[in-house]
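This report describes one protein chain, moving from single residues and the helices around them to the overall form. Please keep the sequence and the model side by side while reading.

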Amino acid sequence: MNNNKPNRFLSMLGMKCPNCHKGNMYTNKSIFPLGKLLDMPERCPVCGQKYEIELGFWYGTGYVSYALSVATIGILAIMYALIVGFSWKDNSIFIFLGIMITSMIVLQPLIMRFSRVLYLYVFVKYGKGSSLEDKK
Ligand SMILES: [Zn+2]
């Protein structure tokens, strides 16, 4: 086993290339400007791994971002239930809905980015490249 293998989870958090864990997946470090939120180079600047492996590759990230959104709402609901508690006798459910909608709007840029990262990490393994990309 290779002991120098970088931590997969940390590389995902840092949005690094799944093949070399060094190159950045996104052109801009920041999510601003929002219009360039999903701008990424065609290939990894360090190892040359292609990011959009095939045409329309990113369409699958819709399912990933859906799952991430549901998971976020679930975590928020559990936290809210533990801290505030749900009741039919007051407005706690409506306050939660407000918190949920606001956090979904605020977190959407991050969810969109991480869904691409997660999706690409499924198809590209460390040091091996992708199983989909045809070698030229
Ligand atoms: Zn790379």
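Leucine 76 is placed in helix α2, where helices are DSSP runs of H or I with at least four residues, strands are runs of E with at least two, and both are numbered from the N terminus. The model is a predicted one, in which local features need pLDDT of at least 70 and side-chain atom pairs count only at pLDDT 80 or more, while totals for chains, interfaces and linings use all residues. Residues are numbered from 1 along each chain as its sequence is written.

**The pairing of α2 and α3**

Leucine 76 has 16 other C-beta atoms within 10 Å and is therefore partly exposed; by the rule used here, a residue is buried with 20 or more other C-beta atoms within 10 Å of its own, exposed with 12 or fewer, and partly exposed in between, the C-beta atoms being placed from the backbone. Not counting residues up to four places away in sequence, leucine 76 touches Ile99, Met100 and Ser103, a contact being a pair of residues whose C-beta atoms, placed from the backbone, lie within 7 Å. Between leucine 76 and isoleucine 99 the C-alpha to C-alpha distance is 8.6 Å, with 23 residues separating them in sequence.

How far apart are the axes of α2 and α3, and at what angle do the two pack? The axes are 8 Å apart and the angle is about 140°, with axes taken as lines fitted to C-alpha atoms, for helices over the stretch in contact, and angles running from 0 to 180 degrees between N-to-C directions. The two helices are therefore oblique to each other, since angles under 35 degrees count as roughly parallel, over 145 as roughly antiparallel, 65 to 115 as roughly perpendicular and the rest as oblique. In passing α3, α2 makes a right-handed crossing, the term for a near helix turned clockwise from the far one by less than a right angle, whereas an anticlockwise turn would be left-handed.

**The core and the residues around it**

The largest nonpolar core has nine residues, namely Cys17, Met25, Met40, Cys44, Tyr51, Val117, Tyr119, Leu120 and Val124; such a core is a set of buried Ala, Val, Leu, Ile, Met, Phe, Trp, Tyr and Cys residues joined through C-beta atoms within 7 Å. Helix α3, residues 92-123, gives the most to this core, with three residues.

Methionine 25, one of the core residues, has its place in the loop between α1 and α2. Leaving aside neighbours within four places in sequence, methionine 25 is in contact with Met15, Lys16, Cys17, Met40, Tyr51 and Val117. Cysteine 17, also listed in the core, is in contact, on the same terms, with Lys22, Gly23, Met25, Cys44, Val46, Cys47 and Gln49.

Methionine 12 belongs to helix α1 and touches Val117, Leu118 and Tyr121, again without residues up to four places away in sequence. The C-alpha atoms of methionine 12 and methionine 25 are 9.8 Å apart, for a sequence separation of 13 residues.

**Burial and backbone in the loop between α1 and α2**

The C-beta counts of several residues can be set side by side.

| Residue | Other C-beta atoms within 10 Å | Class |
|---|---|---|
| Methionine 12 | 17 C-beta atoms | partly exposed |
| Methionine 15 | 16 C-beta atoms | partly exposed |
| Histidine 21 | 20 C-beta atoms | buried |
| Methionine 25 | 21 C-beta atoms | buried |
| Phenylalanine 57 | 18 C-beta atoms | partly exposed |

Methionine 15 lies in the loop between α1 and α2 and has a positive phi, near 55°, although this residue is not a glycine. Histidine 21 lies in that loop too, and its phi is likewise positive, at about 60°. Proline 33, also in the loop between α1 and α2, is joined to phenylalanine 32 by a cis peptide bond with an omega of about -5°. Phenylalanine 57 is found in the loop between α1 (8-13) and α2 (61-83).

**Overall form**

Three helices and two strands make up the secondary structure of the protein, in the order α-α-α-β-β from the N terminus. The radius of gyration is 18 Å, whereas a compact globule of 136 residues would have one near 14 Å; the value is taken over C-alpha atoms, and the globule rule is 2.2 Å times the number of residues to the power 0.38. Along the principal axes, the C-alpha atoms fill a box of roughly 65 × 40 × 25 Å. Buried residues account for 14% of the 136 residues. Of the contacts with a separation of 6 or more, 61% are between residues 24 or more positions apart.

Technical notes. Two residues are in contact if their C-beta atoms, placed from the backbone, lie within 7 Å.
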